Every structure is written in C-alpha cells, then in structure tokens.
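Student: Could you take me through one part of this model closely, beginning with a single residue and working outwards to its surroundings?

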Amino acid sequence: MITVLAAGARTLLQDGGRIGYAHLGVPRAGAADLPSLRRANRLVGNRNDLMAGLEITLSGPTLRFESDSLLALSGATLAAELDGRPLAMHQSVAVQAGQTLVCGRVHEGVRSYLAVRGGIRTPGVLGSVATDTLSGLGHPVLCNGDVLEIEPTHSTDGFYLRKPERLGNEITLHVVPGPHTDRFSEQSFSEFLAHTFTVHADSDRAGVRLVEALQLPASVGELPSQGMVGGAVQVPGDGRPIILLPDHGATGGYPVLAVVITADHGRLGQLGAGMKLRFEKVSRDQALSLLRQQEQGLETDIVAADEALLEARSLMMLAHAHPELRDLRMHNISRRVRLRR
Amino acid sequence: MNIRSFGDAALLIELPDAQAAQALCQALLVGASAGIEDVVPGFQSLLIRFDPLKQDAARLAERIRNSTYSLPFSSKPVEHEIGMHYDGPDLSMIVQASGLSVEEIVHRHSRAVYRVAFIGFAPGFPYLTGLDPALHLPRHKTPRVHVPAGAVAIADQFCGIYPRSSPGGWHLIGTTDASLFDADRDAPCLLSPGDTVRFRALP
C-alpha cells in the first residue's frame, strides 16, 4: 500500500488506456508518454509493461510506502528523494515499508512516470484505470490522503535503462501528411514544415496548442464530424495548429494537415508551454521502421543488473546534481575494489 | 468507397452516409481481427485505428474494399422519449438568429423525430439528425468553457445532448435528467445508432 501524503500539481493514474470503446465516444486516454510508462514498468520487472503507474505532471507527489516494493522513475527528469537520499532515474530502486518518496519538480519535459513492481491495483472502468481528464472516466486525479494498493515485493531483481533519451531544446517531431491535405494548399504544408512553433500554455492532455498561425486558403473550413487519432495536427479556422493527445474527443471536425508518427507520440506527450518545436516529413515506411526500432529498444536497452552495479550507476548519475555524493562514490568504489581482492 | 491513410496507425473510410458507416462499423466489431483497436463511425466516414506492428495498412484497406456488409443496422432500433425543460441560455439568441418565437422554437424542436446518426465527441454524446431546417445554425465562434451535464443543444443539422459537463460550441436550448452514459451499465450508452428520439417538453 502507498499513502499519498501530498498529491503534487497534477498526478494521475495511467496505463495503456481504453481500447475498443471509441465507437461509444470514449477517448483512448492512457499515458501521454506511453513509451516512458512502459520503460518504467520494465525497469521494475513487470512483464506486462502497460500496468498502471503514476503520471507525474510538473511537480510531484510525496508518497509513503506502507509495504516493501520495487520502484522506478522514467520519462521527464524528476528530482526525487527516498528518505532524503536522492534517487537516480531510469533504474529500479528497492523500497522498504515506512520509507517516504518525495518527488520534486519535473524538468526536460513535463511528465515523469513512476511504476512499482506488480503495478498499482485499482478497479478499472472499461478495461482501464486511466484518468481521462476530459470525460471524467477512470481514477480521479490524485488527492492528499489517497491510498494506492500495491503488491508487497521483496524482489532483488534489478534493471536499468542503457541510453536514456534527452528531449533537447528544440524538438523535432516526424509527421506524415494528413487525410485532408487536399483541403490545404501545398504552401500551407511547406510553411508548416518550415516554421518553428512554440507550445501554448493552454495545452493539456487533450491537445498541444501551438502559438504561431499558418496562412490558410479560404477553402479549408470544417468537416462533418469524423473519427480522430492521437498525433493528428488539426488546423481550426484561426490557423493555429492543435496536436491531439490521448484525452482528445473520439470525433472532431477540424481538417487534419499532418499526423505525428506513432514512434514520436512519447515525445509529443512531453511538450510543455514555451517549448520550441519543428516538424519533419517522413514516409510511411520510415515511420514504421522508427516504430520497430523503438519497440526493439524497449527489449534491448533495459538490462538486468545486480545491487552493486545499480548503486554505482545511481551515484554516477547523481554526481552532477549532488556533489556531496562524490565522497560517498569514492568510498563505495574503493570498498568494491577491496571486496574484489 | 474512398480509403485514406490517417497517419501510420489508422485508415479513414469515406462513406455516403452515417448508416453506411454504422453498418461497416458493426461488421468490423463483430469480426474483430488482430491488430484492429478501434472503429469510430462519423457522419460520412469510418475511422479504423490499428496497431501498425500487427496490421499492414495496405492489406487492411484491401480487405475492407472487398468486404460485404449488410444494411441496415443489425439490432432492432429502440424508440426513446426524453423529457426536457426548454430553459437553455441560448434560446434568446436563437430567437434573434431564426426570427422565430420561443414557443415556435419549442414546437419545432419537440415535434421532430430524431435518429441517432452516431455517438462521438464524448462518451455517450449522440449526434441526432432530423432537426427542423429553420433551426440549423452555425456553432458558436468561441466555444463555452463549461456546458452543464444534460444540456440539450443544437448546431448545424444536428441536435445533441451533453452527457456530462464539458466545453462545447453548440447552442443550448434546454436540459434533461436522462443518464446518457454510465460505464457500469451493460450497454453504457443510453442511445445507440439507428435509435429514434422524441423530446417531450416538461413544464
């Protein structure tokens, strides 16, 4: 069990989302950066990498573990401490009953993911626990005092992620042309590819809004309502693109100029106010091969490690932000060297 | 039928009308196949979302082109009567835009027999066709941030009901207590495509 001592700015339960109910008007929901949730799950040894974890937005919660567990943090960089000891991202961490995890600010992206061994157990709605901020389905936004059911674990299995991705200062998202490109002029599309856009502060889990407007031909207009997909770049009458995220309505009526490829949906879910963004066109074959690469990376980049290796990695990862750990690191390394002799 | 790619994980099938979209949707839901995740009927289209690692887009398009599906709806349509209060905040605006009196608007709205074309926008939100042409109005230029649950609204050729409070750009003409969506029910949506709906004015 986990007790939520402080819920943080906006902490949600997320999993793979609701699949198979869109014809009832039900949004997909699920982790905005799904690859990061899957990584976090794999880092705690969850064979099902779509198990429910926490999606931590902007600033994180304070959680007391009432039972032993194994946790991992992935996604955007999160400053976190377990009983005052800084925690490294992208690796498993053994937690003992009674310990308190304090999550600080999220940076280099807007969403971090916390997974625990066995997942967070709570009844789902339509096959998912995912908080759907638009429809109100799933677990409510986390509140102070909430209790989250987890499976007690004394696992000594450990894993770490070999090459954590960095988001970078200017983000490029790969797109394929949308289904309604014939409604736009060729100029609109090339202008779209040439522009550097800024993410608007009004962005949420339904969509990322962009500040800059495209020049549109008068013919664009609106469509009869039709099904939409995550990653669709909708262009309403004012010319300012909106990129759809998992909580988007199942149908929509604005023409779609381009669609962000599936392999880039994770980075799409990390966009926050003020970030700079460009689009690059790829072919459908390239889109598919990038997705295969990402899928392969989930298998090959997460590797098993013993306790000593995880501790050494953790000290190495934290040395930049926490110079006070350097002495500990030296001590630790010399101790291990002694042990080897 | 015209089939377009919609990104790398969906196909958009353009169809003549909502009924054709529903028929193909039912056929696909019944014969669900590996890799198909969601089917979303629209007014003149059907969107098919699939897992591109499990389903090849070209092969799926080919299969749909060759599929036979029967019209009309497989299950028997239900007739609903929904009680509502004509107390919407946009009534006076509709009076201005249409040139009709409130009594006339209520009369025209409540005498019509509507048909559920499809469910979209939000869980359980019905797109109802059959709205009196005198009441066809373009949606608000700036959508409301907060439309209350149960709001009965009109826009273009459609009448709709907001199952829960949400943002929305339609003209609000009244409210109903009907529960349009409940995830705990066997059939979460009160209304299904093909059903008919009449509104009864409550005092």
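**A loop residue and its surroundings**

Tutor: Gln270(A) is found in the loop that lies between helix H3 (265–268) and strand S20 of chain A. Everything said here concerns a predicted model, and that should be kept in mind throughout. Gln270(A) counts as buried because 22 other C-beta atoms lie within 10 Å, where 20 or more are needed for that label. Leaving aside residues up to four places away in sequence, Gln270(A) touches Asp33(A), Ala76(A), Gly109(A), Val110(A), Arg111(A) and Leu167(A). Ser112(A), although 158 residues apart from Gln270(A) in sequence, is 8.9 Å from Gln270(A) in space, C-alpha to C-alpha.

Contacts across the sequence can also be followed for chain A as a whole. Among its contacts with a separation of 6 or more, 79% are between residues 24 or more positions apart, and 50% of the 341 residues of the chain count as buried. Chain A has 6 helices and 21 strands. Its radius of gyration is 21 Å, close to the 20 Å that the globule rule gives for 341 residues, so chain A is as compact as a globular protein of that length. Taken along the principal axes, the C-alpha atoms of the chain fill a box of roughly 75 × 40 × 30 Å.

The strand at one end of the loop, S20, leads into a sheet. Seven strands of chain A form this open sheet, with mixed pairing, in the order S13-S20-S12-S19-S16-S17-S14. Strand S13 (197–198) and strand S14 (207–209) stand at the edges with a single partner strand each, so one side of each is left without a neighbour in the sheet. Strand S20 (residues 276–281) runs parallel to strand S12 (residues 170–177), and 6 bridges join the two; here Thr172(A) stands opposite Arg278(A). Strand S12 also pairs with strand S19 (residues 256–260), this time in the antiparallel sense and over 3 bridges, with Val259(A) in S19 as the bridge partner of Val176(A). Further along the order, strand S16 (residues 232–234) and strand S17 (residues 242–244) run antiparallel and are joined by 2 bridges, where Val233(A) has Ile243(A) as its bridge partner.

Two of these sheet residues return when we turn to the nonpolar core. The largest such core has 146 residues, and those with the most contacts inside it are Ala115(A), Val233(A), Val259(A) and Ile48(B). Strand S8 (residues 100–116) of chain A gives the largest share of this core, 8 residues. Beyond residues up to four places away in sequence, the contacts of Ala115(A) include Leu37(A), Ala40(A), Val44(A), Met51(A) and Leu71(A), together with Asn41(A) and Asn46(A). As a general background to such a core, nonpolar side chains tend to be buried together in soluble globular proteins.

Since Ile48(B) is one of the residues with the most contacts inside that core, chain B deserves a look as well. In the model, 35 residues of chain B are in contact with 33 residues of chain A. On the side of chain B that touches chain A, strand S1 (2–5), strand S2 (10–14), strand S3 (36–41) and strand S4 (45–50) of chain B each supply at least two residues, and S3(B) gives the most, with 5 residues. By class, that side of chain B has 21 nonpolar, 8 polar and 6 charged residues.

Notes
Residues numbered from 1 in each chain as written. Chains lettered and ligands numbered in written order. Predicted model: local features only at pLDDT ≥ 70, side-chain atom pairs only at ≥ 80, totals over all residues. Pairing = 2+ DSSP bridges. Helix = DSSP H or I, 4+ residues; strand = E, 2+ residues; numbered from the N terminus. Contact = placed C-beta atoms within 7 Å. Nonpolar A, V, L, I, M, F, W, Y, C, P; charged D, E, K, R; others polar. Rg over C-alpha atoms; globule rule 2.2 N^0.38 Å. Buried ≥ 20, exposed ≤ 12 C-beta atoms within 10 Å, placed from the backbone. Core = buried A, V, L, I, M, F, W, Y, C linked by C-beta atoms within 7 Å.
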